[in-house]
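I opened this notebook to keep track of what I looked up in the structure, entry by entry. The notes begin once the sequence and the model are on the page.

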Amino acid sequence: MQDKSDELTARERGADLAEVCRALVPAGMAVAGGPIVAPSDDQRGLPPTFSRKRRAEYWSGRYYALQALCNLGVIVNGLPIGGNRAPVWPDGIVGSISHTDSLCVSVVASKDKFHAVGIDLEENGRVTPDLFSMLFTQRELAAFDRLALKELFDFVPTLAFSAKEAFYKYCSPEEYFDFLDVEIEFDTRIPIFRVRLVNPKNVPVTGEIFYGRWGRLRDHVLTVCCSDEVSAGGFHQGPSHKRS
Ligand SMILES: CC(C)(COP(=O)(O)OP(=O)(O)OC[C@H]1O[C@@H](n2cnc3c(N)ncnc32)[C@H](O)[C@@H]1OP(=O)(O)O)[C@@H](O)C(=O)NCCC(=O)NCCS
């Protein structure tokens, strides 16, 4: 018999994504997400090296980002690509985009309330054991070893990887830093993760511990990392970016 989940349309899966995302982000952030929808033939302003798939995910990201901005009351025509590949957000706005082969999501907020935000969406099981030594520290690998159930094992590395990607986007670094420069800690019963800086000198934010939230869709993991140092009383500590 076919699993009922297989019958969900792309649009229904997209609606699930937006709902899970809304539940993860603190009040004051606007989100939009759904299936990869954008036309893949539109090449305006894009590098000629972009494949059809890359164009589709790029335009989908822009589509949902503009929708999220609109939810915040900000109307813009487009979002250029920045020097570090991050989108150039309108003045006074922080935001982030993530896409997989089938889904795409964006979150935005006013800089008056949030210093930065990073979001990441990953298909479950994408992080296979051959990648572990590149992505995870010895301490993280030891924590994986203590997991008993196979499905947990499949899901946890994807979550740890996604949390690192969300943190990377949160930092929006000018220069790449490595997966082994940070460690992720979490308890799978609680939808919060901690990011610990292992090599603080490589990471362009000050602080030792950062927090994020995670959630699951049927076959995806979603992570969000943000700070709310401007507005008191939110759920994150308030790290700040190193000033150059
Ligand atoms: C940039 C990167 C984080 C993207 O993550 P991904 O899972 O491959 O892809 P996603 O779809 O989730 O995210 C892509 C989006 O991230 C955003 N992005 C790209 N570079 C970024 C940066 N430096 N800062 C913030 N956001 C960035 C863009 O919006 C991009 O989509 P777009 O090109 O269509 O606009 C990843 O490819 C990468 O290069 N990582 C560097 C190494 C790293 O993560 N180290 C971990 C340190 S803990």
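**Around the ligand**

I began with the ligand and looked up which elements give at least two residues each to the shell around it, and these are helix 2 (52-71), strand 2 (93-99) and helix 5 (150-171). I keep in mind throughout that this is a predicted model. The shell holds 23 residues, and the closest to the ligand are Arg85, Ala86, Ile97, Ser98 and Tyr168. I then looked up where its largest share comes from, and found that helix 5 supplies 5 residues. Sorted by class, the shell around the ligand is made of 11 nonpolar, 7 charged and 5 polar residues.

**The chain as a whole**

I next stepped back to the whole chain, which has 10 strands and 5 helices. It is 244 residues long, and 36% of them count as buried. Among contacts with a separation of 6 or more, 58% join residues that are 24 or more positions apart.

**Two positive phi values in loops**

I returned to Arg85, one of the residues closest to the ligand, and noted that its phi is near 80°, a positive value in a residue other than glycine. Arg85 sits in the loop between helix 2 and strand 2. Is Arg85 buried or exposed? I found Arg85 to be exposed, because 8 other C-beta atoms lie within 10 Å and a residue with 12 or fewer is counted that way.

I set Ser172 beside it, where phi is near 40°, again a positive value in a residue other than glycine. Ser172 belongs to the loop between helix 5 and strand 5 (182-186). Ser172 has 20 C-beta neighbours inside 10 Å and therefore counts as buried, since the cut-off for burial is 20 or more.

**Helix 1 and what covers it**

For helix 1 (residues 10-24), I looked up the span of its 15 residues from the first C-alpha to the last, which is 21 Å and close to the 21 Å expected at 1.5 Å a residue. Its buried residues are Gly14, Leu17, Cys21 and Leu24. Seen down the axis of helix 1, these buried residues fall within an arc of 85°, so they line one face of the helix. I added a general reminder that an α-helix has 3.6 residues a turn, so residues three or four places apart point the same way. On the other side of helix 1, Arg11 and Ala23 are exposed. The cover over the buried residues of helix 1 includes strand 1 (30-35), strand 3 (103-110), strand 8 (209-216) and strand 9 (220-226).

**Helix 2**

I treated helix 2 in the same manner: it has 20 residues and reaches 29 Å from its first C-alpha to its last, close to the 28 Å expected at 1.5 Å a residue. Its buried residues include Trp59, Tyr64 and Leu69, and Glu57 is also among them. Strand 1, strand 2 and strand 3 are included in what covers the buried residues of helix 2. Just after helix 2, I noted Gly73 with a positive phi of about 90°.

**The nonpolar core**

Which residues have the most contacts inside the largest nonpolar core? In this core of 58 residues, they are Val107, Val117 and Phe167. Helix 5 provides the largest share of the core, 10 residues. I followed Val117 further and, leaving aside its neighbours within four places in sequence, found contacts that include Met29, Val94, Val107, Tyr170 and Val224.

**Two buried strand residues**

I closed with Ile184, which lies in strand 5 and counts as buried, with 27 C-beta neighbours inside 10 Å. Although Ile184 and Ala163 are 21 residues apart along the chain, their C-alpha atoms are separated by 7.1 Å. Beyond four places in sequence, the contacts of Ile184 include Ala163, Lys164 and Phe193.

The other residue was Trp214, in strand 8, which is buried, with 24 other C-beta atoms within 10 Å. The C-alpha atoms of Trp214 and Cys21 are separated by 8.9 Å, with their positions 193 residues apart along the chain. Not counting residues up to four places away in sequence, Trp214 touches Leu159, Ala163 and Phe193, among others.

Key:
Residues numbered from 1 in each chain as written. Predicted model: local features only at pLDDT ≥ 70, side-chain atom pairs only at ≥ 80, totals over all residues. Helix = DSSP H or I, 4+ residues; strand = E, 2+ residues; numbered from the N terminus. Contact = placed C-beta atoms within 7 Å. Near = placed C-beta within 6 Å. Nonpolar A, V, L, I, M, F, W, Y, C, P; charged D, E, K, R; others polar. Expected span 1.5 Å × (residues − 1). Arc of directions from axis to C-beta. Core = buried A, V, L, I, M, F, W, Y, C linked by C-beta atoms within 7 Å.
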